[in-house]
Amino acid sequence: MRFAPKARHRITLTEDRANLRWMRAALREAERGAAEDEVPVGAVVIREGRLVARAHNRPVRLNDPTAHAEVLALRRAGRKLGNYRLIGCSLYVTIEPCAMCASALTHARVKRLVFGARDPKAGAAGSALEVLNHPKLNHRVEVLSGIMEEECSALLREFFRRKRLKS
């Protein structure tokens, strides 16, 4: 099945600076996760240029397979804004969301997803699956990938390298 091509948007210098700022914030969250021995994924929810919520992966610590950074950040944003519909919000995350997280973005009506590293094994924004913007869905999410990709990938590589050395 072929999907319609994604619309291309030229990034302005102001948008580029904002993307770097918020991806750095997501990376700081990922580093917090790594410090807790969680897979280092971080996410932040932004609305109108302001931080609404932040989170990092916590499935091990919380004994919760759904405690991915994206889901936790969406939950916090919903509580803070008083609505599960996160209209006008952007989610910045260090790695391409999985199918569960991509579905959550769609249900939350997030306007824009910005991610760093692609996930060829489980990425659901086009790398392994196309959950976001599937033609059967009634909500579209703008997707921008590759922001600080090397830094995001390096954090994950180093985490798993250390894990292998320990075992």
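The questions and answers below walk through a predicted model, from its core to its salt bridges. Local features need pLDDT of at least 70 and side-chain atom pairs count only at pLDDT 80 or more, while totals for chains, interfaces and linings use all residues. Residues are numbered from 1 along each chain as its sequence is written, and side-chain values use heavy atoms, with hydrogens and water left out.

User: Which helix or strand gives the most to the largest nonpolar core?

Analyst: A nonpolar core is a set of buried Ala, Val, Leu, Ile, Met, Phe, Trp, Tyr and Cys residues joined through side-chain atoms within 4.5 Å, where buried means under 20% relative accessible area, exposed over 50% and partly exposed in between (1.4 Å probe, protein chains only). The largest has 45 residues, and those with the most contacts inside it are Met23, Val45, Leu91 and Leu113. Among the elements that each supply at least two residues are helix H1 (13–35), strand E1 (42–47) and helix H5 (149–166); helices (H or I, at least four residues) and strands (E, at least two) are DSSP runs, numbered from the N terminus. The element that gives the most, with six residues, is H1.

User: Is Gly33 buried or exposed?

Analyst: Gly33 has its place in helix H1. Counting contact as heavy atoms within 4.5 Å, and leaving aside residues up to four places away in sequence, Gly33 touches Glu38, His56 and Asn57. Its relative accessible area is 0%, so Gly33 is buried.

User: How far apart are the closest N and O atoms of the salt bridge between Glu36 and Arg58?

Analyst: A salt bridge is a side-chain nitrogen of Lys or Arg within 4 Å of a carboxyl oxygen of Asp or Glu, and by this rule the count comes to nine. Glu36 is partly exposed at 24% relative accessibility, whereas Arg58 is buried at 18%. In the bridge between Glu36 and Arg58, the closest N and O atoms are apart by 3.3 Å.

User: Which strand holds Arg112, the salt-bridge partner of Glu142?

Analyst: Glu142 forms a salt bridge with Arg112, the closest N and O atoms being 3.9 Å apart. The pair links distant parts of the chain, 30 residues apart, with Glu142 in strand E5 (residues 142–145) and Arg112 in strand E4.

User: Which residue meets Glu150 in a salt bridge?

Analyst: The partner is partly exposed, as the relative accessible area of Arg157 is 47%. The N to O distance is 2.7 Å, and the side chain that meets Glu150 is that of Arg157.
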